[in-house]
Amino acid sequence: MDLGTKVAEVIEASSAELMAQCYKLDQAPPLGSLVKTKGGSWETYAVVYNVETHSLEPGRRVVARGEEMGTEAEIFRANPQLAKLLSTDFRALVVGHCQGNGLYHYLPPKPAPIYSFVYVCQLEEVKAFTQSLDFLSLLADARLPISVDEVIAACLRYASRAYPDSQAFLIKAGKELAWLLSSDARRLNSVLKRLRQ
Amino acid sequence: MNDHNLDERTRLGAIVSGSLTRGVEVKLDASVSVEDMAVGRYVAIEGEKRRFFGMITDVSLEAIDSRVTITPPDISDPFIAQVVAGTTTYGKLRVLPMLTIGSDAVSILEGPQPAKTVPTHFSEVKLASQRDVELVFGAEDDKRFYVGTPLDMETKVCLDVSEFVKRSNGVFGKSGTGKTFLTCLLLIGILQKRAAVSLVFDMHSEYGWEGRNEKGYKVKGLKQLFPSKVAVFTLDEESSRWRKVSTDFVVKIGYDEIEPEDIELLRQTLNLTEASTQAVYQLAREFGDRKWLEAVLNLSEDNGKQLISKLNIHDSTYRNLRRGLETLRRFPFLVPHASDNSVQRILEYLERGINVVLEFGRFDDFAAYILVANLLSRRIYAQYREKAEKAGGADMALPHPLVITIEEAHRFLNPELSAQTIFGRIAREMRKYNVTLLVIDQRPSGIDDEVMSQLGTKITCLLDNERDVDSVFTGVTGKSELKSVLSKLETKQQALIFGHAVPMPVVIKTREYGSAESYKELGFLEAAELKRKAEKEIEDLWAT
Ligand SMILES: Nc1ncnc2c1ncn2[C@@H]1O[C@H](COP(=O)(O)OP(=O)(O)O)[C@@H](O)[C@H]1O
Ligand SMILES: [Mg+2]
């Protein structure tokens, strides 16, 4: 994945989350990664929480085609139209925004504009954004169709790559979680176990 | 923490709750391990308007949610262990704020004042710096004597000796905790700062010439270190000679110097009955205060019988008394009539500013100790009193302050005796006639509470008996906190000092005593060095 290049476009947006369609099939940013949109006078930061590849036409299910073929790539070569019929989308939870020179770890006033381009943040941006871990409360309180704790752990593991001392970052983040999840020792334990690399 | 930077203060955490009387609670930062903390250590607290000084009195482990203790985090995983330290679980200190220093010029001049309030919420708490401690206890000077170092610091804790001797004081601690060594240092401090002259009743003959440390090595006593300032008196000439002690005077006490009160004090020690001590007063009336003892000791069987029937003394009482008095007769330092007056001799030395240590040699039992210490002190005190009263009337200077050191103080100052002994009186009268006590005891609970509460400064090494601990803290504010500090002292060479002569309670590691190094620091020069110094002075004389 080329960091800093645009990879998708917003096709559905709300205050709390956005859905984007990737330009290339199966080329979504990884779970937990930080993406941003540049539409409007502000940039919206979001954490990828779900990636999905599906048929573009509702009602037309994808069927298995590779029984006679040696590799998966041959399927696409034999059916070039497939790339047009399928799409990879992802959903990301809004965790902050940037306006002027300010970086804010809370929701922007408006959702990301539809069709805004979505970029995968560069490591420096990840580092700048994760200087404050206030956004973790947005993640921790979210209700998602998948396990929030998985997303939190994936996000922190991903962000830790932006730091030369990734262990120190994870400990700092772990402590933040310890406060946030102080009333739920079992949940804290399970998230922390997933932070280990 | 032995930092070179004297101002360096390590941050520990922040105040989260508390009160002035119970102390404030400090949540430790995650980076600080509870295991590095110790009760008795000093902290500085940066309040909004002033800086506070306090002492750590307790360390505890806390969990943010009690459920954590039921499902403990998996701390076998080092990562999880690091995360939960300081968050889910954290350390807490209890700190007793004791002094404050304001930040304006006036309060800086005034110096530390007793804390009358507490720092605001979340004030930063740091380990006190070397400079902080110096600010509180002052540097060594012509009044302050260096007695030890605070826990984990190299700063000197100094005791204002001139304040110290203004009241009676106590040194406590169970056996082997360092009372004798500490007392030796105190006596040296009093001597060097010229705060008072000392009279030491040296039961075990260890202060005057030479003692021994635990390993059996010899330790120099006061006279070896300060030959021109100390005289050793002895009750046991022979023992002193064997030990090659250079003594100044051999104390003999005449039968005619022993009064009925002296016998009364020995009641427990000599196993006398109540009736026997009453009989003593009768006998004294019969024969006269100065003659009774000799007369009774010389009574023949028949004369004795006649006498008791005449005085209506029961036979068993008489026999009980005779047995007690025979014990006294066996002391060679007791003679029918002493040719020289010991009291006068002691006073002569004290008047010249020379400290007197009376060693007991082989007579280190309580009968001899109580008898002699009481008898001499009573008469010396009477002289001081007379002098002080004369001086007061004539507007003259009071006699030079005198400090009398006694060991096993509970033998004199127990509730039963303290009202009668001279020591009880001195302790109670404070410093009316410029005489105070330095009492040393391993069983302070045996001492009358009233006397304990009159002691100005108490220096206590480890005590493990609950009653002893309680008695040391009678009438002290912050009692329960200090108690926990005391109970955590090391078994040796550590002491808690609190009271009149220190601005706030302090735990010290007592200054080293007994090594060549320590003598040097106290200004003692070995003979070879003395000679060199003298030669150098002569050389210098010729050179000019
Ligand atoms: N300040 C000190 N310097 C060096 N050694 C000490 C000091 N205090 C105590 N000790 C050691 O501890 C032992 C016991 O001390 P001591 O003063 O005799 O105890 P106590 O009088 O309380 O029974 C000493 O023999 C010595 O070895
Ligand atoms: Mg001793």
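Me: How many nonpolar, polar and charged residues does the shell around ligand 1 have?

Reply: In this predicted model, the shell around ligand 1 has two nonpolar, eight polar and six charged residues, where Asp, Glu, Lys and Arg count as charged, Ala, Val, Leu, Ile, Met, Phe, Trp, Tyr, Cys and Pro as nonpolar, and the others, Gly among them, as polar. Residues are numbered from 1 along each chain as its sequence is written, and chains are lettered from A and ligands numbered from 1 in the order in which they are written. Local features need pLDDT of at least 70, side-chain atom pairs count only at pLDDT 80 or more, totals for chains, interfaces and linings use all residues, and side-chain values use heavy atoms, with hydrogens and water left out.

Me: What makes the pair between ligand 1 and the side chain of Thr180(B) a polar contact?

Reply: A polar contact is a pair of N or O atoms within 3.5 Å (within protein, one must be able to donate a hydrogen and the other to accept it, and residues adjacent in sequence count only if both atoms are side-chain atoms). An oxygen atom of ligand 1 lies 2.7 Å from an N or O atom in the Thr180(B) side chain, so this pair is a polar contact.

Me: Which backbone atom lies 2.8 Å from a nitrogen atom of ligand 1?

Reply: That is a backbone N or O atom of Arg511(B).

Me: Why is Ile538(B) called partly exposed?

Reply: Partly exposed lies between buried, under 20% relative accessible area, and exposed, over 50% (1.4 Å probe, protein chains only); Ile538(B) has 49% relative accessibility and therefore counts as partly exposed.
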